[in-house]
Amino acid sequence: MSGSMTREDFDAYLVPCFAPAPFIPVRAAGSRVWDQQGKEYIDMAGGIAVNALGHAHPALAQALQDQLAKLWHIGNGYTNEPVLQLAKTLVQSTFADKVFFCNSGAEANEAALKLARKYAHDKFGGEKSELIAFNHAFHGRTLFTVSVGGQPKYSSDYAPLPQGITHLPYNDIEAVTAAISSRTCAVIVEPIIGEGGVIPADPAFLQALRTLCDRHHATLIFDEVQTGAGRTGHLYAYQHYNVVPDILTSAKGLGAASRSARCWRKRPGRRSSSQALMAPPSAATRWRQPSLTPCWPISMRRCWRALASAMR
């Protein structure tokens, strides 16, 4: 037996944004979870695609304990060794020139969309601000990202919503070809659409998006919050398709329940990635907290080992 709190306390004290299970987990290890009565469950969701190494992984627990004993939180006025280590690893392992860290997948997508609009505004003027996204996609729960996600059930209560967003059928390149124009600043897409049915993009679809974005000087954003960190057999799903986006967003399994990253690729004819990353006013007080950053390299290394073993 554990704890004096009950499931009814959730209804009494918390805003009912979600509908939790009737039991309260109090302990977990690997894929197993135990409730207050000691009943054992198998966790089939992994914290909604977050716990890439399972619950209470000893290497992650040790890394957190070690870091908490040295340096916990320092704010944006300083950098720290764990975040520098992860940034270097991500740049060396992907197409990215630079990395921007924040607190969640929603913040990563928000920052990516802001960056795309700011780049278009600075380079081409304020008329180039429209976005193309896809039906049944999910990009987060901020007002901007929930509007870009193509699911009215999540956004209709918050009208008026941000404007200039066109939603199209997934995998329909003819629809994109008809909709994209000189006013389009970005196209955002999940390489495997999650809430829309776990449907992989057709290779020709992503390749055509790359071509159309180049033709219309639009930024191509891959939302890999769910598909990243080895979940598809490569470190990121774009590597299956040989299609390189301009911006890639990552979270969930990358940090094993800590933070997320947004990557920007420097392309010919565009300003340097360092200038682009400094441009958007997107930051948070806790975005690179050293007490949680050590989880990232451990999670990534163990994902790589699993991928290498599977490919033998």
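The legends below describe close-up views of a predicted model.

**Figure 1. Overview of the predicted chain and its secondary structure**. The chain contains 12 helices and 12 strands, and buried residues account for 46% of its 312 residues. Among contacts with a separation of 6 or more, 69% are between residues 24 or more positions apart. The exposed area of the chain is about 15500 Å², of which carbon and sulfur atoms supply 56%. Seven salt bridges are found in a search of the whole structure, and several of them are shown in the views that follow.

**Figure 2. Helix α9 and the elements packed against its buried residues**. Helix α9 spans residues 203–215, and its 13 residues reach 19 Å from the first C-alpha to the last, which is close to the 18 Å expected at 1.5 Å a residue. The buried residues of this helix are Phe205, Leu206, Leu209, Arg210, Leu212 and Cys213. These buried residues pack against three strands and two helices, namely β5 (130–134), β7 (184–189) and β10 (219–223) together with α8 (173–179) and α10 (238–241). After α9 comes histidine 217, which has a positive phi, near 55°.

**Figure 3. Parallel pairing of strands β5, β6, β7 and β10**. Strand β7 is largely enclosed by the rest of the structure, because six of its six residues are buried. On one pairing, β7 runs parallel to β5 over three bridges, with isoleucine 132 having valine 187 of β7 as its bridge partner. On another, β7 pairs with β10, again in the parallel sense, over four bridges, and here alanine 186 stands opposite threonine 219 of β10. Strand β5 is itself mostly covered, with four of its five residues buried. Four bridges also join β5 to the parallel strand β6, residues 165–168, where histidine 167 is the bridge partner of alanine 133. Both β5 and β7 are also among the elements against which the buried residues of α9 pack.

**Figure 4. The segment before α1, helix α1 and a nonpolar surface patch**. Met5, Tyr13 and Leu14 make a nonpolar surface patch of about 360 Å². Methionine 5 lies in the segment that precedes α1 (7–13) and is partly exposed, its relative accessible area being 46%. Within α1, aspartate 11 and arginine 7 are four residues apart, about one turn of the helix, and they form a salt bridge in which the closest N and O atoms are 3.0 Å apart. The two partners differ in burial: aspartate 11 counts as exposed at 54% relative accessibility, whereas arginine 7 is buried, with a relative accessible area of 17%.

**Figure 5. Surroundings of histidine 55 and the salt bridge of arginine 32**. Histidine 55 is located in the loop between α2 (46–49) and α3 (58–68), and its relative accessibility of 19% lies under the 20% limit, so this residue counts as buried. Leaving aside residues up to four places away in sequence, histidine 55 touches Ala28, Ala29, Gly30, Arg32, Val33 and Asp43. One of these contact residues, arginine 32, forms a salt bridge with glutamate 40, in which the closest N and O atoms are 3.1 Å apart. Both partners of this salt bridge are partly exposed, with relative accessible areas of 33% for arginine 32 and 42% for glutamate 40.

**Figure 6. Proline 82 in helix α4**. Proline 82 is part of helix α4, which covers residues 81–93, and counts as buried at 12% relative accessibility. The C-alpha atom of proline 82 is separated by 9.2 Å from that of glutamine 67, a residue 15 residues apart from it along the chain.

**Figure 7. Salt bridges involving helix α5 and the network of Glu127, Glu130 and Arg183**. Lysine 118 and aspartate 122 both belong to helix α5 (residues 105–124), where four residues, about one turn of the helix, set them apart. Their side chains meet in a salt bridge with an N to O distance of 3.3 Å. Lysine 118 counts as partly exposed at 29% relative accessibility, and aspartate 122 counts as partly exposed at 41%. A network of salt bridges links Glu127, Glu130 and Arg183.

Conventions
Residues are numbered from 1 along each chain as its sequence is written. This is a predicted model: local features need pLDDT of at least 70, side-chain atom pairs count only at pLDDT 80 or more; totals for chains, interfaces and linings use all residues. Side-chain values use heavy atoms; hydrogens and water are left out. The expected span of a helix is 1.5 Å times one less than its number of residues. Buried means under 20% relative accessible area, exposed over 50%, partly exposed in between (1.4 Å probe, protein chains only). Contact means heavy atoms within 4.5 Å. Two strands pair if DSSP finds at least two bridges between them. Patches are made of residues with over 30% relative accessible area and no salt bridge: like charges are joined within 9 Å, nonpolar side chains (Val, Leu, Ile, Met, Phe, Trp, Tyr) within 5 Å. Accessible areas come from the Shrake-Rupley method with a 1.4 Å probe; for residues, only the protein chains shown count as cover. A salt bridge is a side-chain nitrogen of Lys or Arg within 4 Å of a carboxyl oxygen of Asp or Glu.
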